[in-house]
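I opened my notebook to jot down what I looked up today. Here is what I was looking at.

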Amino acid sequence: MAFEYLFNRYGDAIRRLFLQRSTSVEDTEDLLQETFIKVYVNLHRYSADYTFGQWVYTIARNTHIDFERRRQEDLSIDEKFSAPAASTPSPEESLISMQQRTQIEHYIECLPSQYRQLFKMRFLEDYSYDEIAEKLHLPMGTVKTQIHRARERMCTLIKESEKH
C-alpha cells in the first residue's frame with residue numbers, strides 16, 4: 001500500500017517534471033519507475049529536515065540529471081548526485097530501516113537471476129549503465145532492456161506484496 005500510495009500521491013507531479021524537461025513519454029515512464037524504486041529503497045535515508053515531497057522531488061531531479069549524463073558521453077562517469085544526507089536515525093527509524101532492507105532484499109531475491117545482479121548494481125551500488133555494460137561485458141541495449149524489465153518486475157513485486 002505504501003508504495004502505491006507514494007506513486008499515486010507524487011507520480012503525476014514527477015511525471016510533469018520529466019515531461020517539462022523534454023523527456024520522451026517512454027523515458028518519462030522509465031524515469032518515474034526508477035525514481036519511485038529509489039524512494040522506496042532509500043526511505044531509511046529520509047530526513048525530516050525536508051518535506052517528504054521535497055525529498056521525492058530531489059530524488060526525481062537527480063534521477064533525471066543522471067539520465068541526461070548517461071546520454072552525454074563527454075562527462076565523467078564519477079560525477080553523480082545523491083539524495084540529501086539524513087541525520088542520525090532514531091532507534092525506531094533504524095528498526096524500520098532494517099525491516100525495509102530485509103523486505104527489499106527479499107524482493108531482490110524474488111527477481112529472476114538475470115535481473116538480480118543488474119538491479120543490485122544499478123540501484124544499490126549506483127553503477128551507471130556504461131559501467132554495468134563494461135563490467136558484465138554486455139551490449140548497452142541489453143543492459144538497458146534488462147534493467148527496465150527488472151525495474152518493472154520490482155514494482156510489481158512491491159505492489160503485489162502490499163495488497164496482502
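**Starting with Tyr 57**

I checked Tyr 57 and found a relative accessible area of 34%, so Tyr 57 counts as partly exposed. Buried would need under 20%, and exposed over 50%. I kept in mind that this is a predicted model.

Where does Tyr 57 sit? I found Tyr 57 in helix α3. Leaving out residues up to four places away in sequence, I saw that Tyr 57 touches Ile 14, Leu 17 and Arg 21. I also looked up Val 39, which is 18 residues along the chain from Tyr 57; their C-alpha atoms are 9.9 Å apart.

**On to helix α2**

Is α2 mostly buried or exposed? I read that 13 of its 17 residues are buried, so α2 is largely enclosed by the rest of the structure. I then tried its length: at 1.5 Å a residue, α2 should span 24 Å, and its end C-alpha atoms are 24 Å apart, which agrees.

**How α2 and α3 pack**

I noted that α2 covers residues 25–41 and α3 covers residues 52–71. Their axes are 9 Å apart, at an angle of about 130°. That angle makes α2 oblique to α3. I wrote down the crossing of the two helices as right-handed.

Which residues meet there? From α2 I listed several, including Leu 31, Phe 36 and Val 39, and from α3 several more, among them Trp 55, Ile 59 and Phe 67. I sorted the residues of this contact into 9 nonpolar, 3 polar and 6 charged. Among the charged ones I spotted Asp 27 and Glu 34 in α2, and Arg 70 and Arg 71 in α3.

Methods
Residues numbered from 1 in each chain as written. Predicted model: local features only at pLDDT ≥ 70, side-chain atom pairs only at ≥ 80, totals over all residues. Heavy atoms only, no water. Axes fitted to C-alpha atoms, helices over the stretch in contact; angles between N-to-C directions. Helix = DSSP H or I, 4+ residues; strand = E, 2+ residues; numbered from the N terminus. Parallel < 35°, antiparallel > 145°, perpendicular 65-115°, else oblique. Left-handed = near helix turned anticlockwise from the far one by under 90°. Contact = heavy atoms within 4.5 Å. Buried < 20%, exposed > 50% of the residue type's maximum accessible area, 1.4 Å probe, protein only. Expected span 1.5 Å × (residues − 1).
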